[in-house]
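Me: I'm new to this structure and would like a close look at one part of it, the place where the two chains meet. Could you walk me through that spot and then through what surrounds it?

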Amino acid sequence: MYVLGISCYYHDASAALLKDGLTVAAAEEERFTRKKHDVSFPINSINYCLKSQNIDVKDIDYIGFYEKPILKFERVLYQHLECFPKSYRTFLSKLPSWFNEKLRIVKTIRKELGYKKDVLFIQHHLAHAASAFLVSPFKEAAILTVDGVGEWTTTSYGFGKENNINLIKEIRFPHSIGLLYSTVTAYLGFSVNNSEYKVMGLAPYGDMNRKTNPYYRKLLKVVDIKNDGSYRFDMSYFKYHYTNKMPSKKLCELFDGPVSKAGAEMEKRHKDIAAALQLVTEDILTKILNHVHKETKSENIVMAGGVALNSVFNGKILSSTPFKKIWIHPNSSDGGTSLGVSSYIYNTILGKKRNYIMKDAYLGPSFSDEEIQKFLDANKIKYSIFKNKEELVNKTAKIIYDNNVVGWFHGRLEWGPRALGARSILANPCNPNAKEILNEKVKHREKFRPFAPVVCDDDALKYFDCDNPIPEPTDFMLMVYPIISKWQKKIPSVTHIDGSGRLQTIRKNQNPLYYNLIKEFGRLAGMPILINTSFNIRGEPIVCTPQDAYKCMMGTGIDYLVIGKFLIKREDNPKDMWDSEKYAND
Amino acid sequence: MGIKIFLIGIKSGQKRFGESIAAVVNSLLLSLVYFIGVGGTSIIAKLSRKHFLDLKLEEPRKSYWEELNLSKEEMEKYYKQF
């Protein structure tokens, strides 16, 4: 039995395919169209899912959609009714897309795919909850979903047991932690639904002391937080319920200045605001989790929704709440809801036994050595061939150890926003200049943003002050932990200003080649840790195909590309195919 | 060749013109819907103190959690978009 899940028309359109309950393929549309956070109907992702199993759309038994469009439309209409006449411009700009595509999703599915069987709809936060619980290792767990907004819900909690999910309580729009985070992101001059993680990265540069940060106290005027973590905003500080602009004039006055321009230099005030936002978010989430534990009595917590990507807070959950175990979906933002709805249909609606635990996130397209060689030869690209995997590992480790930047392209593309060793850029974390080299030559990103370390699971506790045993979300780069102080100076390129690192742990059974590479690098450098950053430049999705990878390398300062069994040296090939600086944007 | 380019130019110009007209007509129609439909309903609702969004802080409340109780439903409910 095949079940296909689809999410689209908000941000991060995606598709996921289940075969007899096993997730066999999943990918975001942006990876194929090369438009970051592409919202369009995910025809390329669907085609990839079908092709990966050599099946036709006729073989699909059910298609599931990740939200209830009419319920969402009701909320949008209610916003306009409440906010008349201030919402006039938004009404003109947003309404056409509702009639042209969002309310016509069944027609689109039938027309684009030629699909004639059943299309099922579940609520947005139920899709998040399913993505978190049904593919987790737990038979029972408390569930927390937190994002911007679904139909009406912005935050919900409940519990899951075996095949069933019950979401008990909710916070409703317009009160939303996700939208608070996005509003401050917009205030600081970053793009909404894209750059929230940059604000999280900026926060440690500000004053993280609740007693001395002036904006922390100011931000508490904006939000009323109850002891059970429930919250409500003073909406006079916001405009997102009636315009596309999020902070109101009153919020700008509270923050002592106007909205920052994109790319503007961050002053101390901005850093303190980012810190205050992170502190308030942590206050709310800690209270919610304590309340959820009290209500559900479970030792396990699963989380999804965009706010569950707040890896700084995630790393504190087990030490600051009574929960003992945690699991977070690697694609916990809206992209992951296609996998959530397909799992919900198979396990809950149809009542089939849960037989899949998500142990890794390698669910996207892969390319054989023959396909890669065909591409290289057709484009007259100079390359050498590794004799075997041992030589590949040894030579690549030496290249990285010699302070070269390597594009690493192996196996199936990652599911979710993080590069986890299939489409990664790797570098030597012991090189004090690595951060600057990567930022200036390759990633073109803000100087304050740290790079992430990857370490084998059996070495992690030696270098990082992690929870023990190491929680599985660390495999998906979803937890930030302190780097043990004596190592911080040895790996400056991955040590953030507060001494933390957003580490990825890799287990041998997940990706043996990547695991062995890190171990071999450790043998050479004395530190089995690499810099792992996503294989893209700023503003571009992670590379998908060999062509994307080659173009990215040739337009940047990446020195070598290790792709399948092939090694390509940038210097051996003609000058830049494209100017990556031109393409780098927010 | 020159005529072909000229015709292509005419065609794309016509398309742009058509799109502009459609945008103007759409904006006019949507404006009518907004000011008559949405505006009328909104004014009546405000007069009768009906609110569509919960915008007010209610500090005396002990909790802002609201009942959701979302769990497995009858199969037919999943066919509905609401």
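**Where the chains meet**

Reply: Let's start with a single pair: the side chains of B:Glu67 and A:Lys169 form a salt bridge, 3.7 Å from N to O. Keep in mind that this is a predicted model. These two residues are linked in another way too, since B:Glu67, in S1(B), is the bridge partner of A:Lys169. The strands that carry the pair are S8(A) and strand S1 of chain B (residues 66-70), which run antiparallel and are joined by three bridges.

On the chain A side, strand S8 (residues 164-172) also pairs with strand S7 (residues 153-161), antiparallel and over eight bridges. One place to look is A:Phe159, which sits opposite A:Asn166 in S8(A). S7(A) and S8(A) make a hairpin with two residues between the strands, and there A:Glu162 has a positive phi near 50°. As a bit of background, strands in a sheet pair through backbone hydrogen bonds, in either a parallel or an antiparallel way.

Now step back to the whole interface. Here 62 residues of chain A are in contact with 39 residues of chain B. The two chains bury about 4,700 Å² between them, and 64% of that is on carbon and sulfur atoms. In chain A, the residues that lose the most area to chain B are A:Glu82, A:Phe84 and A:Arg232, together 18% of what that side buries. The rule finds three salt bridges across the interface of chain A and chain B, and it also finds 30 residue pairs in polar contact.

With the interface in view, let's move on to the sheets of chain A. One is an open sheet of five strands in the order S3-S2-S1-S4-S5, with mixed pairing. At its edges stand strand S3 (22-28) and strand S5 (118-121), each with a single partner strand, so each has one side without a neighbour in the sheet. From one strand to the next, the twist averages 20°. Strand S4 (residues 60-65) pairs with S5(A) in the parallel sense, over four bridges, and A:Ile63 is found opposite A:Val119 in S5(A). Helix H14 (residues 337-349) of chain A packs on this sheet, touching S1, S2, S3, S4 and S5 of chain A, and its direction makes about 140° with that of S1(A). H14(A) is mostly covered, with 13 of its 13 residues buried. After H14(A) comes A:Gly351, with a positive phi near 70°.

Another helix to look at is H6 (residues 124-133) of chain A: ten of its ten residues are buried, so the rest of the structure largely encloses it. Among those buried residues are A:His124, A:His125 and A:His128.

For a single residue up close, try A:Ser45, which is in helix H2 (residues 43-52) of chain A. A:Ser45 counts as buried because its relative accessibility is 0%. Its side chain makes a polar contact with the side chain of A:Glu29, at 2.9 Å. Leaving aside residues up to four places away in sequence, A:Ser45 touches A:Ala15, A:Ala27, A:Glu28, A:Glu29 and A:Phe32.

Chain A has an open sheet of eight strands as well, in the order S13-S22-S21-S14-S15-S20-S16-S19, again with mixed pairing. Its edge strands, S13 (384-385) and S19 (504-506), each pair on one side only. Within the sheet, strand S14 (residues 406-409) and strand S15 (residues 423-427) are antiparallel and share four bridges, and A:Val406 has A:Leu426 of S15(A) as its bridge partner. Helix H21 (residues 546-554) of chain A packs on the sheet and touches S14, S21 and S22, its direction making about 165° with that of S21(A). Helix H15 (residues 369-378) of chain A lies across S13, S21 and S22, at about 30° to S22(A).

Last stop: A:Arg449, in the loop between helix H17 (434-443) and strand S16 (452-456) of chain A. Is A:Arg449 buried or exposed? A:Arg449 counts as buried, because its relative accessibility is 7%, and buried means under 20%. The side chain of A:Arg449 makes a polar contact with that of A:Glu446 at 3.0 Å. Not counting residues up to four places away in sequence, A:Arg449 touches A:Tyr197, A:Lys198, A:Lys435, A:Asn439 and A:Arg538.

Technical notes:
Residues are numbered from 1 along each chain as its sequence is written. Chains are lettered from A and ligands numbered from 1 in the order in which they are written. This is a predicted model: local features need pLDDT of at least 70, side-chain atom pairs count only at pLDDT 80 or more; totals for chains, interfaces and linings use all residues. Side-chain values use heavy atoms; hydrogens and water are left out. Buried means under 20% relative accessible area, exposed over 50%, partly exposed in between (1.4 Å probe, protein chains only). A polar contact is a pair of N or O atoms within 3.5 Å; within protein, one must be able to donate a hydrogen and the other to accept it, and residues adjacent in sequence count only if both atoms are side-chain atoms. Contact means heavy atoms within 4.5 Å. Two strands pair if DSSP finds at least two bridges between them. Axes are lines fitted to C-alpha atoms, for helices over the stretch in contact, and angles run from 0 to 180 degrees between N-to-C directions. Buried area is the accessible area (1.4 Å probe) that two parts lose on being put together, summed over both. A salt bridge is a side-chain nitrogen of Lys or Arg within 4 Å of a carboxyl oxygen of Asp or Glu.
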